[in-house]
Every structure is written in C-alpha cells, then in structure tokens.
Amino acid sequence: MPDETVIDGFEFARMRRELRGEAALSRMQRLDDLLASGSGQVKYRITGEIDEEGHSLLHLDVEGALKLKCQRCLGEIDYPLGIRSNLMLVKDEADLVDIEDEDPDVDSIVVTGKMEILPMIEDEILLELPYAPRHVECEGSDGGDDGRESPFAVLKGRI
Ligand SMILES: [Zn+2]
C-alpha cells in the first residue's frame with residue numbers, strides 16, 4: 001500500500017480525486033496529552049472538488065474510536081470521533097478575508113505547496129476534542145473530585 005501522505009491540494013481538487021486511508025494515532029504527537037492510549041488509528045477520506053465559483057475544496061472525513069484521558073481521574077473516556085470538514089484552498093492570505101465571510105462551514109487555508117495529510121488530520125481532531133476531557137462522573141468517586149478536600153467540605157457540615 002503506498003503511503004501517500006503528501007498531496008498537491010489544488011491538483012487534487014481539480015482532478016476531483018479521492019483518497020482513503022488510515023492514520024496511526026501514534027504519529028500524532030500533539031494529541032498525546034489528551035489520549036489515554038496512543039495506539040489505534042483513525043480512518044480518513046479526502047475528496048477534492050471545484051465548486052461553482054471555481055474555488056478549490058477538499059472535504060475531509062475522519063472517523064475513529066479514541067480513548068481520551070480524563071483530566072480528573074486519568075481514566076479512559078471512550079470518544080467516538082466523526083469529523084466532516086470542508087477546506088477551501090487559497091493561494092495567499094489576501095484571499096482569506098473575503099472568503100471567510102461567506103460560509104461558516106468552510107475553513108480557508110493558505111496552501112503554497114504540497115500538503116501533508118497527517119498534520120491536517122491532526123489539526124481537525126484537535127479542533128474537535130474538548131480542551132480538558134473529563135468523565136461526567138468519574139468511577140470510584142461520588143461526585144467527582146480528585147480526592148483532595150473540597151473547599152466546600154467545611155461548609156457542608158454547617159448546613
Ligand atoms: Zn474521570
């Protein structure tokens with residue numbers, strides 16, 4: 001299987017190409033802190049398109065089952081990932097401004113050369129994930145603090 005992790009975005013869009021693959025989470029360093037387990041992978045699909053106005057678009061779908069690390073108890077949280085994002089490719093920053101006003105579902109990105117797929121997928125995952133993932137209720141605790149005395153514990157006895 002060819003490891004096609006770099007594409008020419010504009011050509012990809014013009015040729016309306018499609019690329020499917022799997023990306024190993026272990027190769028996404030920036031996700032590391034958020035994941036309880038860095039093993040496994042996500043599936044992705046990228047399709048290219050030129051819209052009616054001649055803009056170059058890439059549609060990116062990413063799916064997978066992540067295990068996030070609870071920032072309170074450090075346990076695992078199952079997190080089903082399902083991302084669909086639309087990227088509009090522009091050649092320089094001057095084009096960014098007007099396009100951004102048009103469609104909130106489309107993110108414009110400046111592309112000057114080849115595009116690396118993995119960091120792009122990682123960016124999308126980072127945008128999707130909660131900043132500090134936590135269980136709604138951590139296992140083995142009654143209400144979810146991390147074992148330290150709550151500042152309100154003192155008050156409780158008085159009410
Ligand atoms: Zn937890």
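**Exercise 1. Classify L74 by its surroundings and its backbone.**

Solution. L74 has 10 other C-beta atoms within 10 Å, so L74 is exposed. The scale: buried means 20 or more other C-beta atoms within 10 Å of the residue's own, exposed means 12 or fewer, and partly exposed is in between, with C-beta atoms placed from the backbone. Next, the location: L74 is found in the loop between β4 and β5. Strands here are DSSP runs of E, at least two residues, and helices are runs of H or I, at least four, numbered from the N terminus. Last, the backbone: phi of L74 is near 65 degrees, a positive value in a residue other than glycine.

The model is predicted: local features need pLDDT of at least 70, side-chain atom pairs count only at pLDDT 80 or more, and totals for chains, interfaces and linings use all residues. Residues are numbered from 1 along each chain as its sequence is written.

**Exercise 2. Repeat the analysis for R16.**

Solution. R16 lies in the loop between α1 (9–14) and β2. Its phi is positive, near 50 degrees, and R16 is not a glycine. R16 counts as exposed because it has 11 C-beta neighbours inside 10 Å.

**Exercise 3. Lay out the sheet and its pairings.**

Solution. Start with the order. Five strands form an open sheet, β2-β3-β4-β5-β6, with mixed pairing. Two strands pair if DSSP finds at least two bridges between them. The edges are β2 (18–24) and β6 (106–110), each pairing on one side only. From one strand to the next, the twist averages 30 degrees.

Now the pairs. β2 and β3 (residues 41–50) are antiparallel over seven bridges. Here R20 stands opposite R45, and A24 has Q41 as its bridge partner. β3 and β4 are also antiparallel, over eight bridges. K43 stands opposite E63 in β4. β3 and β4 form a hairpin with five residues between them, and G54 in the turn has a positive phi of about 90 degrees.

**Exercise 4. Check the length of α3 and place this helix.**

Solution. The expected span is 1.5 Å times one less than the number of residues. For the twelve residues of α3 that gives 16 Å; the end C-alpha atoms are 17 Å apart, which agrees. Helix α3 (residues 117–128) lies across β2, β3, β4 (56–69) and β5 (76–90), at about 120 degrees to β5. Axes are lines fitted to C-alpha atoms, for helices over the stretch in contact; angles run from 0 to 180 degrees between N-to-C directions. Contact means C-beta atoms, placed from the backbone, within 7 Å. The buried residues of α3 are I117, M120, I121, E122, E124 and I125.

Terms used
Contact = placed C-beta atoms within 7 Å.
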